[in-house]
Amino acid sequence: MKVFHYQNVEAKNGDEGASKLKVRWLITKEMGAPNFAMRLFEMEPKGHSPFHSHPWEHEVYILEGEGLAVSEEGEKKISAGTVIYISPNEKHQLKNNGKKTLKFLCLVPHVQK
């Protein structure tokens, strides 16, 4: 068992095409997790992830803040407590249109690395 505070994990800049976005890789294959990675994202106001797709799924849980989940079908409001499932190959983006940091957990399978 591994127990630690999330702030002890380095916050790194988000992927290319992201703005005002930091990610902390909380649980990884290197720690011994065989199937999924857990990441904590912190997005500043007016920040966004890139509008992109890839062949793996995402499971997202919004912890704090508010914003928009964007897909080719349009935009949906998100806030603390919102759950998002993003299918493989689905174009997606998250945006912070609020006044506070948008924090969310995102789980992805290791096949994406």
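**Exercise 1. Decide whether Gln93 is buried or exposed, and describe its surroundings.**

Solution. Gln93 has a relative accessibility of 11% and therefore counts as buried, where buried means under 20% relative accessible area, exposed over 50% and partly exposed in between, with a 1.4 Å probe and protein chains only. The model is a predicted one, in which local features need pLDDT of at least 70 and side-chain atom pairs count only at pLDDT 80 or more, while totals for chains, interfaces and linings use all residues. Residues are numbered from 1 along each chain as its sequence is written, and side-chain values use heavy atoms, with hydrogens and water left out.

Next, place the residue: Gln93 belongs to strand β8, residues 92–95, strands being DSSP runs of E of at least two residues, numbered from the N terminus. Then list its contacts (heavy atoms within 4.5 Å): leaving aside residues up to four places away in sequence, Gln93 touches His48, Ser49, Pro50, Phe51, Leu68, Ala69 and Val70. Finally, look at Ser49, whose backbone oxygen is reached by the side chain of Gln93 at 2.8 Å.

**Exercise 2. Locate Lys46 and Asn89, and compare their backbone and exposure.**

Solution. Begin with the backbone: Lys46, although not a glycine, has a positive phi of about 70°, and Asn89, also not a glycine, has a positive phi of about 70°. Turning to location, Lys46 sits in strand β3 (residues 36–48), whereas Asn89 lies in the loop between β7 (83–86) and β8. As for accessibility, Lys46 is exposed with a relative accessible area of 69%, and Asn89 counts as exposed at 52%.

**Exercise 3. Characterise the lining of the largest pocket and of the second largest pocket.**

Solution. A pocket is an open set of points on a 1 Å grid over the protein atoms alone, where a 1.4 Å probe fits, with protein on both sides within 12 Å along at least five of seven lines; lining residues have an atom within 4 Å of a point.

The largest pocket is lined by 23 residues, and Asp15, Arg39, Phe41, His52 and His58 lie nearest its centre. Elements that give two or more residues to this lining include β3 and β8. By class, the lining of the largest pocket holds twelve nonpolar, eight polar and three charged residues.

For the second largest pocket, 19 residues form the lining, and those closest to its centre are Ala69, Ser71, Lys76, Ile84 and Glu90. The most is given by β6, with five residues.

Notes. Helices (H or I, at least four residues) and strands (E, at least two) are DSSP runs, numbered from the N terminus. A polar contact is a pair of N or O atoms within 3.5 Å; within protein, one must be able to donate a hydrogen and the other to accept it, and residues adjacent in sequence count only if both atoms are side-chain atoms. Ala, Val, Leu, Ile, Met, Phe, Trp, Tyr, Cys and Pro count as nonpolar, Asp, Glu, Lys and Arg as charged, and the others, Gly among them, as polar.
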